[in-house]
Amino acid sequence: MALKAGLTPEQARARRVRRERVRRTLRHGILLAWTFFIAFPIFWAFSIWKGLGDALLVCTTAALLALLLGTALAYSISRFQFGGRYFRHTILTIRMIPPIVVAISVLIYYAILIPYATSAVLGARISLFDTYIGLILIYAATTLPFVIWMMLTFIDEVPYTLEHAARLMGASRITVIRRIVLPLVASGMVVTFLFVFILNWAEFLLALTLTHPEVTTLTVLLNKFQSASEGRLYGPQAAIGTMITIPVVVLGVLIQKHLVKGFSFGTIRK
């Protein structure tokens, strides 16, 4: 065939190489175009960096703060009966207060009382309204009862005989907690953190009342794409809804082993 076309074998081979190169380039170009077409909505969803960063910072910090304080309080209640015999059963009554009552009261403190007091005492106006610290503190305070209640379940399952034996061998209370108690309840702490993080991540009323416009969580940002004049903006709402779902799914996958161990921890009596 090469001879009939007036081509040498080397020329025919070069032509086949060029044709293969063109087909490969065309195939890669089509794949790149398809990849861009598929990935563009994902890129558009990730363009909401401000709300995502604020939500991650506030929810993670508040969950860690509540976990540390709640674990310490749960240990004192479990081991020293802090608060009395029925204190553990009255902890959750704090959550029975309507959220709007808490929001309005905290708003008055953040926006009026604290700035007035700091201005009178320190000579500088300090406000917790629309700040990361203000939202972190209220999130930690509202989720603290859940942390205490959940961690009580895990700490009660740790045999006190282990701590007593360690104390007899000369270990301090801090060493006992760090070397014995915390490793045994680590899975429970992971489960509690995830639960509290999800509560903070999905919270809307407090964030809407106590922030604007410097701090914006994803739930508040989602609400902004709805107005009486324009109706619902389904595109941005779909993107933000995706961003709200992804961190919770990723956390669940990453700590799946701890979730299973944590949820089954209280079913085995030691």
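**Figure 1. Aromatic residues of the predicted model.** In this predicted model, F193, F197 and W201 form a single aromatic cluster. The number of aromatic pairs in the model comes to five. One of them joins Y75 and F80, whose ring centres lie 6.1 Å apart and whose planes are at 75 degrees, an edge-to-face arrangement. The partners can also be described by their accessibility. Y75 has a relative accessible area of 6% and is therefore buried, whereas F80, at 48% relative accessibility, counts as partly exposed.

**Figure 2. The protein chain as a whole.** Twelve helices and two strands make up the elements of the protein chain. Read from the N terminus, ten helices precede the two strands, and two further helices follow them. The protein chain has 270 residues, of which 34% count as buried. Its exposed area is about 16,900 Å², and carbon and sulfur atoms supply 71% of this area. Among contacts with a separation of 6 or more, 76% are between residues 24 or more positions apart.

**Figure 3. The surroundings of T71 in helix α2.** T71 is placed in helix α2, which comprises residues 49-80. With a relative accessibility of 8%, T71 falls under the 20% limit and so counts as buried. A polar atom of the T71 side chain lies 2.6 Å from the backbone oxygen of L67. Leaving aside residues up to four places away in sequence, T71 touches V147, M151, I155, L182 and M189.

**Figure 4. Helix α4 and the elements that cover it.** Helix α4 comprises residues 99-121, 23 residues in number. At 1.5 Å a residue the expected span is 33 Å, and the end C-alpha atoms are 31 Å apart, which agrees. The helix bends by about 35 degrees at Y109. Its buried residues are A103, V106, Y110, P115 and T118. An α-helix has 3.6 residues a turn, so residues three or four places apart point the same way. The cover over the buried residues of α4 includes α5 and α9 (205-210). After α4 comes G123, which has a positive phi near 80 degrees.

**Figure 5. Helix α5 and its bend.** Helix α5 runs over residues 132-156 and contains 25 residues. Its expected span, at 1.5 Å a residue, is 36 Å, and this agrees with the 34 Å between its end C-alpha atoms. A bend of about 40 degrees occurs at T143, and a proline, P145, follows within four residues. Helix α5 is also among the elements that cover the buried residues of α4.

**Figure 6. Backbone geometry at D130 and at the peptide bond between H212 and P213.** Most residues other than glycine have a negative phi, and most peptide bonds are trans. D130 is not a glycine, yet its phi is positive, at about 60 degrees. This residue is found in the loop between α4 and α5. Its relative accessible area is 9%, and D130 is therefore buried. A cis peptide bond joins H212 and P213, with omega about -5 degrees. P213 lies in the loop between α9 and α10 (218-224).

Technical notes. Residues are numbered from 1 along each chain as its sequence is written. This is a predicted model: local features need pLDDT of at least 70, side-chain atom pairs count only at pLDDT 80 or more; totals for chains, interfaces and linings use all residues. Side-chain values use heavy atoms; hydrogens and water are left out. Buried means under 20% relative accessible area, exposed over 50%, partly exposed in between (1.4 Å probe, protein chains only). A polar contact is a pair of N or O atoms within 3.5 Å; within protein, one must be able to donate a hydrogen and the other to accept it, and residues adjacent in sequence count only if both atoms are side-chain atoms. Contact means heavy atoms within 4.5 Å. Accessible areas come from the Shrake-Rupley method with a 1.4 Å probe; for residues, only the protein chains shown count as cover. The expected span of a helix is 1.5 Å times one less than its number of residues. The bend at a residue is the angle between axes fitted to the seven residues ending there and the seven starting there. Rings of Phe, Tyr and Trp (its six-membered ring) pair if their centres lie within 6.5 Å; planes under 30 degrees apart count as stacked, over 60 as edge-to-face and the rest as tilted.
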